[in-house]
Amino acid sequence: MKPTHIEHIGIAVKQLEEAIPFYEKLLGTPCYSIEEVAEQKVRTAFFKIGQTKIELLESTDPEGAVGKFITNKGEGIHHIAFAVNDLENVLEDAKNEGIRLIDTKPRKGAEGLDIAFLHPKSTFGVLTELCEDKNK
Ligand code: CMX
């Protein structure tokens, strides 16, 4: 699999408007993008620290992944995302290793990245996202 770096850490929040000013202060850097990802039923806000981003996630639908997470667990770290090269092959390898895939094929996520999730039940409880930036 050999990720090149941690692409981002996803944090579920109830309200972007409340969380953004806090993270701007904590990280000492402005939020550089707010984007709705309709397919994922979230609004996202991004901060950059070196090569890694912090992605705040606000639910737009209580039945979506983040909506359910907040109902069941409250706000907090939702997922970790690793940058990889050749995501399709990495997914194939993961499947062959017996890792449970949520997405068997890459799909489009925030910032135009190709993304795919691994199920937390086969990654020691951590929802894991793999991403590839094909625009690089
Ligand atoms: N981290 C760790 N465990 C999680 C989790 C998370 N983020 N979300 C759910 N789970 C666990 C639950 O705790 C639950 O565990 P138990 O059975 O032990 O209680 C189990 O997974 C099932 O939870 P659920 O609430 O019934 O949720 P679903 O099975 O319907 O969905 C999941 C869980 C991970 C398959 C779904 O959230 C998913 O497909 N996630 C990937 C997509 C996503 O998260 N999109 C939002 C972010 C998009 C973005 O970054 O752009």
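Mentor: In this predicted model, Glu58 touches Val13, Lys14, Gln15, Leu16, Glu17, Lys41, Val42 and Arg43, leaving aside residues up to four places away in sequence.

Trainee: Why is Glu58 called buried?

Mentor: The relative accessibility of Glu58 is 11%, and buried means under 20%, so Glu58 counts as buried. The residue is placed in strand E4, which covers residues 52-59.

Trainee: What makes the pair of Glu58 and Leu16 a polar contact?

Mentor: A polar atom of the Glu58 side chain lies 2.8 Å from the backbone nitrogen of Leu16, and because the cut-off for such a pair of N or O atoms is within 3.5 Å, the distance of 2.8 Å satisfies it. The C-alpha atoms of these two residues, Glu58 and Leu16, are separated by 6.0 Å, although the residues are 42 places apart along the chain.

Trainee: Why is Thr44 called buried?

Mentor: Thr44 has a relative accessible area of 1%, and the limit for buried is under 20%, so Thr44 is buried. Thr44 belongs to strand E3, residues 42-49, and its contacts, again without residues up to four places away in sequence, include Leu16, Ser33, Glu55 and Ala110.

Trainee: What is the separation between the C-alpha atoms of Thr44 and Val13?

Mentor: Those C-alpha atoms are 9.8 Å apart, for residues that are 31 positions from each other along the chain.

Trainee: Turning to the ligand, how do you know that Lys121 makes a polar contact with the ligand?

Mentor: A polar atom in the side chain of Lys121 lies 2.6 Å from an oxygen atom of the ligand, and since a polar contact needs N or O atoms within 3.5 Å, this pair qualifies. By the same cut-off of 3.5 Å, two further pairs can be listed: a backbone N or O atom of His78 lies 2.9 Å from a ligand nitrogen, and an N or O atom in the side chain of Asn72 is 3.4 Å from a ligand oxygen. Of the 970 Å² of accessible area that the ligand has on its own, the protein covers 69%.

Trainee: Where does the ligand sit, and which elements give two or more residues to the shell around it?

Mentor: The ligand sits in the largest pocket, and the elements giving two or more residues to its shell are E4, helix H2 (65-73) and strand E5 (76-83). Helix H2 supplies the largest share, six residues, while 19 residues surround the ligand, with Gln40, Glu55, Lys68, His78 and Lys121 as the closest.

Terms used: Residues numbered from 1 in each chain as written. Predicted model: local features only at pLDDT ≥ 70, side-chain atom pairs only at ≥ 80, totals over all residues. Heavy atoms only, no water. Helix = DSSP H or I, 4+ residues; strand = E, 2+ residues; numbered from the N terminus. Buried < 20%, exposed > 50% of the residue type's maximum accessible area, 1.4 Å probe, protein only. Contact = heavy atoms within 4.5 Å. Polar contact = N/O pair within 3.5 Å; in protein donor to acceptor, adjacent residues only side chain to side chain. Near = heavy atom within 4 Å. Areas by Shrake-Rupley, 256 points an atom, 1.4 Å probe, with all protein chains shown as cover. 1 Å grid on protein atoms, 1.4 Å probe; cavity = no way out; pocket = protein on both sides within 12 Å on 5 of 7 lines; lining within 4 Å. Sits in = over half its atoms within 2 Å of the grid points.
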